[in-house]
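Welcome! Below are some exercises with worked solutions, meant to be followed with the sequence and the 3D view side by side. Take them at your own pace.

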Amino acid sequence: MRILITEHPLISHKLTTLRDENTPSPTFRQLTEELVTLLAYEATRDIQTKEVKIKTPVTQTTGLRISDPTPVVIPILRAGLGMLEGMTKLLPTAEVGFLGMVRDEETLLASTYADRIPGNLSGRQVFLLDPMLATGGTLISAIELMLERGAKNVVAITLLSAPEGISAIEKAFAGKDVDITIVTGALDEKLNEKGYIVPGLGDAGDRLFGVV
Ligand code: URA
């Protein structure tokens, strides 16, 4: 498993505003989108490409294009939805699936309530979007589902991650035949007793979409 903590002053600057409790939802949404586009640049570094011949107005040349089958982008509902636009801006040809998962606030265990994901993911590059990698429970369940559908290459993009969540994912997939990469904006300090990331930014879903 690879962990990529993207270090860039623009990412740090935007994350600081995102963390600020006084940042209102419209700004939070806008910054999330911008951050995901920056993270997606790193996350797609190993995207599969093929050589193509093209003609410029001047001459014939060979270039690279993203190869088939197209990558699949899967936001984990609800908060991952706030990351979709930023991702598809960079990968407009990607197919989009949806995975609805909810975390029980008592047990911190994740369960699936919506599954609109291709039945066969073999040979596909999968990009999972979830802003907060906290206990790792949600991402572990999501990656397990990807493996069941035949995926062998999964990149998870998160805004913030906790060390506990990273360790849990490492442990869950150690020795398994899957290439997992976590691309994150920052590695925070720890989880608190309620499973929130510290210093974190609070509940990402609520801050994106309000409390419903
Ligand atoms: N989910 C969130 O939205 N925030 C956290 O800090 C942890 C999980």
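**Exercise 1. Decide how aspartate 177 and its partner are placed.**

Step 1. Aspartate 177 has a relative accessibility of 59%, so this residue counts as exposed. The classes are: buried under 20% relative accessible area, exposed over 50%, and partly exposed in between (1.4 Å probe, protein chains only). Before going further, note that this is a predicted model, in which local features need pLDDT of at least 70 and side-chain atom pairs count only at pLDDT 80 or more, while totals for chains, interfaces and linings use all residues. Residues are numbered from 1 along each chain as its sequence is written, and side-chain values use heavy atoms, with hydrogens and water left out.

Step 2. Find the partner: aspartate 177 forms a salt bridge with lysine 152, with 3.5 Å between the closest N and O atoms. A salt bridge here is a side-chain nitrogen of Lys or Arg within 4 Å of a carboxyl oxygen of Asp or Glu.

Step 3. Place the two ends. Aspartate 177 is in the loop between helix H5 (163-173) and S11, and lysine 152 is in the loop between H4 and S10, so the pair links parts of the chain 25 residues apart. Helices (H or I, at least four residues) and strands (E, at least two) are DSSP runs, numbered from the N terminus.

Step 4. Compare the label of the partner: lysine 152, at 48%, counts as partly exposed.

**Exercise 2. Find further salt bridges and say which parts they tie together.**

Step 1. Start with the total: the whole structure holds 9 salt bridges. As background, side chains of opposite charge can pair when their charged atoms come close.

Step 2. One of them joins arginine 124 and glutamate 95, whose closest N and O atoms are 3.3 Å apart. Arginine 124 lies in the loop between strand S7 (110-116) and S8, and glutamate 95 in strand S5 (residues 95-96), so parts 29 residues apart in sequence are tied together.

Step 3. Check the surroundings. Arginine 124 is buried, at 11% relative accessible area, whereas glutamate 95 is partly exposed, at 36%.

Step 4. Another salt bridge is formed by the side chains of arginine 149 and aspartate 115, at 2.5 Å from N to O. Here the loop between helix H4 (137-148) and S10, which holds arginine 149, is tied to strand S7, which holds aspartate 115; the two parts are 34 residues apart in sequence. Aspartate 115 is partly exposed, at 33% relative accessibility.

**Exercise 3. Describe the largest nonpolar core.**

Step 1. Use the rule: a nonpolar core is a set of buried Ala, Val, Leu, Ile, Met, Phe, Trp, Tyr and Cys residues joined through side-chain atoms within 4.5 Å. In soluble globular proteins, nonpolar side chains tend to be buried together.

Step 2. The largest core has 34 residues, and those touching the most other members are Leu18, Val73, Met87, Phe127 and Ile157. Among the elements giving two or more residues are helix H1 (9-19), helix H2 (25-43), helix H3 (81-90) and strand S10 (153-161). The most comes from H2, with 7 residues.

Step 3. Look around isoleucine 157. Not counting residues up to four places away in sequence, its contacts include Leu39, Met83, Met87, Phe127 and Val183, where contact means heavy atoms within 4.5 Å.

Step 4. There is also a second, separate core of 25 residues, which includes Met101, Leu128, Ala142 and Phe173.

**Exercise 4. Are the charged residues glutamate 33 and lysine 14 buried or exposed?**

Step 1. Glutamate 33 belongs to helix H2 and is buried, at 17% relative accessibility. Lysine 14 sits in helix H1 and is also buried, at 13%.

Step 2. List the neighbours, leaving aside residues within four places in sequence. Glutamate 33 is in contact with Gly82, Glu85, Gly86 and Lys89, while lysine 14 touches Leu31, Glu34, Leu35 and Leu38.

Step 3. The side chains of glutamate 33 and lysine 89 are joined by a polar contact of 2.6 Å. A polar contact is a pair of N or O atoms within 3.5 Å; within protein, one must be able to donate a hydrogen and the other to accept it, and residues adjacent in sequence count only if both atoms are side-chain atoms.

**Exercise 5. Locate two cis peptide bonds.**

Step 1. Leucine 77 and arginine 78 are joined by a cis peptide bond, with omega about 5 degrees. Arginine 78 is in the loop between strand S4 (72-77) and H3.

Step 2. Valine 198 and proline 199 are likewise joined by a cis peptide bond, with omega about 0 degrees. Proline 199 is in the loop between strand S13 (197-198) and H6.
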